[in-house]
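Student: I've got a new model on my screen and I'd like to learn how to read it. Could you walk me through a few features?

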Amino acid sequence: MLQADKLLQISRIYVEPAAAALPRGQEILARWPQADVVEVASHWRIPELSGDEANVNRWVRIKTEALVVGVKKSLTAKPNGRSADFIAPSTANGCAMACAYCYVPRHKGYSNPITVFANIEEISGYLERHVARQGIKLEPNQCDDTAWVYDIGENSDCSVDALVSDNVQDLVSLYRDLPTAKLSFATKYVNRDLLSWDPRGQTRVRFSLMPEKLARMVDVRTTPVAERIAAINDFVEAGYEVHVNFSPVIITPHWQEEWQELFAQLDAALSTAAKRQLAAEVIFLTHNQQLHEVNLGWHPLAEEILWRPDLQETKRSQNGFANVRYIAYEKRGYLDEFLRLAAAGLPYCRIRYAF
């Protein structure tokens, strides 16, 4: 596993003055006292980090060395209905890892280091009030039978965010005492510090999994898949609800055999307790023209499996991005085959949703 001191070697911190004035901002700055501190007007568009094509050559270095500290101004819990009932206001965006298929960089130019938000008390207060307004969940849905589920990691990896600040731990502590709601986040990084947080079943961790050989190509700077699987029992024992994300499903010449091997590996590793509460999401690859062009500048080998015009069709997103997905009628067959393999290999694993 890439250790925390290798993943993050912060040498420059870009900070909004309002963030530096807050207690959480001061805590973050104190974690890296030797770093150069650069005051910026906004966390969103920093010329050294965003929109400069030359940064493609420094893609991973920037993720390692740069950190942005800002204030989250828009506090909105967006209805979701797939992975969660609501997408919570983020306490961070960006990531120190560098998965080749990640959609987040397309929003921030040619680099995407961690941006962490210092106004955690304001975010926590908003979420507590939002949960109270929902009342009791009267009807089960694919997100959860009884609790309102809030995803806090839509644009970041919370296990890595926890290396930067206490924001994620603060939210786990908050939801521990909110009986009608629970947190949820997906992760590709095993941070065992989370095992001591006592979530009492109110936080759902979703470990993202794919065949190991494929992950070595596209899951850059993440915890190896075998280590993610090995952590599941420990997280269940520590009081987390643990699900898995089979994501993204990437079509390769031998994808069926590779996923069968992964299902067998997972089945052999899981404890009875882990199997009893297991559920999964299945998400097929969506790629993007802009990200494809960026990847050609730093990781062209990944594009040999991610960019497959012979298998994919273009679908324009609401934001105007030229996304590519597997051809619809072909994808239906891939999905049916995937679900068949999963049912055979992991018959106890409920598939919450698949697309």
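Student: Let me start with a cysteine: is Cys95 buried or exposed?

Tutor: Keep in mind that this is a predicted model. For burial, look at the relative accessible area, where under 20% counts as buried. Cys95 comes out at 15%, so this residue is buried.

Student: And how many disulfides does the structure hold?

Tutor: Zero. To call a disulfide, you want two cysteine sulfur atoms within 2.5 Å. For Cys95, the nearest cysteine sulfur belongs to Cys99 and is 6.7 Å away, so Cys95 is in no disulfide.

Student: Why is Cys158 not bonded to Cys95?

Tutor: Distance again. Cys95 has the closest cysteine sulfur to that of Cys158, but the gap is 10.0 Å, which is too far for a bond. Cys158 is buried too, with a relative accessible area of 1%.

Student: Let's move on to strands. Which strands does S11 pair with, and how do they run?

Tutor: Check the bridges and the direction. Strand S10 (residues 203-209) is joined to S11 by six bridges, and the two run parallel. On that side, Phe207 has Val244 as its bridge partner in S11. S11 is also joined to strand S12 (residues 279-284), by four bridges, and these two run parallel as well. There, Phe246 is partnered with Val282 in S12.

Student: How many residues of S11 are buried?

Tutor: Nine of its nine, so to speak of strand S11 (residues 241-249) as mostly covered is fair, given that buried means under 20% relative accessible area. Phe246 is one of them, with a relative accessible area of 0%.

Student: Now the aromatics. What describes a pair of rings?

Tutor: Two things: the distance of the centres and the angle of the planes. A search of the whole structure turns up 17 aromatic pairs here. Take Phe246 and Trp259: their centres are 5.8 Å apart and their planes make 85 degrees, an edge-to-face pair.

Student: What parts does that pair tie together?

Tutor: Phe246 lies in strand S11 and Trp259 in helix H10 (residues 255-269), so the pair links parts that are 13 residues apart in sequence. Trp259 is buried, at 1% relative accessible area.

Student: Which residues do ring pairs link into a cluster with Phe246?

Tutor: Trp255, Trp259, Phe263, Phe284, Tyr326, Tyr334 and Phe338.

Student: One last thing: what sits over the ring of Phe355?

Tutor: The charged end of Arg82, 3.9 Å from the ring's centre.

Methods: Residues numbered from 1 in each chain as written. Predicted model: local features only at pLDDT ≥ 70, side-chain atom pairs only at ≥ 80, totals over all residues. Heavy atoms only, no water. Buried < 20%, exposed > 50% of the residue type's maximum accessible area, 1.4 Å probe, protein only. Pairing = 2+ DSSP bridges. Phe/Tyr/Trp six-rings, centres within 6.5 Å; stacked < 30°, edge-to-face > 60°. Lys NZ or Arg CZ within 6 Å of the ring centre and 35° of its normal.
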